[in-house]
Structures are given as C-alpha cells and as structure tokens.
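User: Please take a close look at one part of this model, a single loop, and then follow the description outward from there. Which details of its setting should a bench biochemist note?

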Amino acid sequence: MAFDAFLLILVMLVVGMAAARSGVFADNAAEVLNRFVLYICLPAAILRAAPKLEFSVGLLGLVAVPWIVLAASIALVLLAARLLRFGEAERAVLLLCVPLGNTSYLGYPLIEAMLGEYALRYAVVYDQFGSFMILSTWGLWVLARYGGDARPSLRDMGLRVLKFPPFIVLVLALTVMPAEPPQAIDAILQRLADALLPVVAMAVGLQVRLALPRSEAVPLVVGIAYKLALMPLLVWLLLPVLGLSGDMARAAVLETAMPPMITAGALAISHGLAPRLAAAFVGYGIVLSLLSLPLWHRLLS
C-alpha cells in the first residue's frame, strides 16, 4: 500500500510536469486543483478521521511535536544564516518552510498508506493543531517581518483560523459528525478522500520548479537537510520524553518528515522572498522525500 502511494506520487508528478511543459491545461490549473483539494478532498478526509479521535493525555505530546520542531527550526536556521551569511530573503524562506511540512495534502494519504486508516486521526491532530496554527501565527509574522506586510494582530490571526475551511470542518467533525456514519455517506467521503493524493501530486507537478542558481544552492541544501533529516531525527529522539508510542509516535515522526508545505513556499514567492529558492525548496523537498520517507517508515517499523 505504501509503495503504491509513493509510486502514484511519482507518476502524477511526472504527468504534471509534462502537462505544464506542453501547455495542455490552463495556466491556473494548479490553483483550481488546489482549491478542489482544500474545499472537497481535505474536508472529506477530516470528516472520516476526526470523529474517531479519543482524547487522552498522549495527544498533548503529539500536539507539542510541531511546536517543538518550530522552536528548533528557528534556532538552527538563524544559526546557519549567521554562520553561512545568508541574505534576509533566504533566511525568511528557511524560517517559513523548514518548520512547516506538507502534513495535510500529502501527510493525510501517506500516513494512511504507511500506517493504516487508524493512524489518520493522528495526522489530523498534528496538522490542524500544529502546522495550520503555526502557518496562521508564525507564518504571518515571517511574511510581515521580511515581506513588508503590516504586522498581523491577534484578531487577524484568529479570523484566519476561524475562516479556514478544513478547520471549520474539524469543529463539525468533533461535535456533530458520528464516529460511524451511514455506510453510503462513509463511502462517499472515502472516495473523495482517496482523490487527495493523485490530485495534489498532479497540482505539484504543474507547479514544481527544480532550477536554481548556484548562489542559492547552500541555503537549499541546509534547508532540505533540516527538513527531511534533522527535524524527524529530533522528534524520534524525543519520543520517550513526550510519552509517545505506537502509531501515534510513528505518525509524529513521519508527519515531521513530510516535505515542505506547498502553501508556505507559495506565500514566500508571492511576497518576493527568494522566489527561486522557495520554488526549488518545495520541488526538491517533494522529490527527495520520495526517498527519505520510505527510509523513515522502514526505521520506525
């Protein structure tokens, strides 16, 4: 199952890249596919997984993981930026993209493929209470600090959270959605959720950029090493301290090992923050994660 998922990503990446070169799709095709995932596929996956959550003290350790990764990422990126003399824009890209992984679009289907349907609920917790909250707070601050935006207020951050479609669906899933919905509804949700992986991989293929000038190669290598190797290693070492075990522990490490968040890279590009580095960071991160994620999966197994 996991091998099939990685093979599907690879195939759809190639198809997307070929389609982008040939001009078969409209220029905004990737944006349309991303919106389909955001408003349809991702909510369907959340509605299937979140109602089955059983709240426990162990979940607090899982929620803490992405925030620990954020703190470690900030410290290590600032240290590397100072020692290697990165520019402000390069530093901003790493501060934005190293702590933020693709924990929903790729994380949900890959966690389910590698660990089983039961573990999907842990991916939802990591993503919604970690990655999404970090993007809505730390991410906005980085964009304001380095991209020239006005500093976001607490009200701005709160509204961003409350208006985010998957978060709204999460609230509904935890309050009114039954853990065992009627079979017909569950079948529909499953089919929509299953479309998440191929549609996202296709959208990424349409947008992926691997070309990068040599001057930005060092920040790229540092960022990829932090994102795909060092951060998941840190979480793996901290598992006993956080009291995580079993599928919850595996999900924590694998979610941390996911490639850079596409949205984070897109925001850096839209704000003029080293756009070629941001595009290459996301592109190479996704491609290289097809090698690193199976290794982490094997290690955790």
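Analyst: Alanine 274 lies in the loop between H13 and H14; helices here are DSSP runs of H or I with at least four residues, numbered from the N terminus. The model is predicted, with local features requiring pLDDT of at least 70 and side-chain atom pairs pLDDT 80 or more, while totals for chains, interfaces and linings use all residues. Residues are numbered from 1 along each chain as its sequence is written, and side-chain values use heavy atoms, without hydrogens or water.

Although alanine 274 is not a glycine, its phi is positive, at about 40°. Most residues other than glycine have a negative phi. Alanine 274 is also buried, at 8% relative accessibility (buried is under 20% relative accessible area and exposed over 50%, partly exposed in between, with a 1.4 Å probe and protein chains only).

A second residue invites comparison. Arginine 85, likewise not a glycine, has a positive phi of about 60° and sits in the loop between helix H3 (57-84) and helix H4 (88-97). Arginine 85 is exposed, however, with a relative accessible area of 75%.

On one side of the alanine 274 loop is H14, which covers residues 275-300. Its 26 residues reach 35 Å from first C-alpha to last, close to the 38 Å expected, that is, 1.5 Å times one less than the number of residues. H14 nevertheless bends by about 45° at serine 289, the bend being the angle between axes fitted to the seven residues ending there and the seven starting there.

On the other side of the loop, helix H13 (262-270) gives two or more residues to the lining of the largest pocket, as do helix H2 (29-49) and helix H6 (120-147). Here a pocket is an open set of points on a 1 Å grid over the protein atoms alone where a 1.4 Å probe fits, with protein on both sides within 12 Å along at least five of seven lines; lining residues have an atom within 4 Å of a point. Among the 23 lining residues, Leu38, Tyr105, Leu135, Phe164 and Thr263 are the closest to the centre.

Elsewhere, another loop residue is buried: leucine 244, with a relative accessible area of 7%, is placed between helix H11 (217-242) and helix H12 (246-256). Leucine 244 and glycine 58 are 186 residues apart in sequence, yet their C-alpha atoms are 6.5 Å apart in space.
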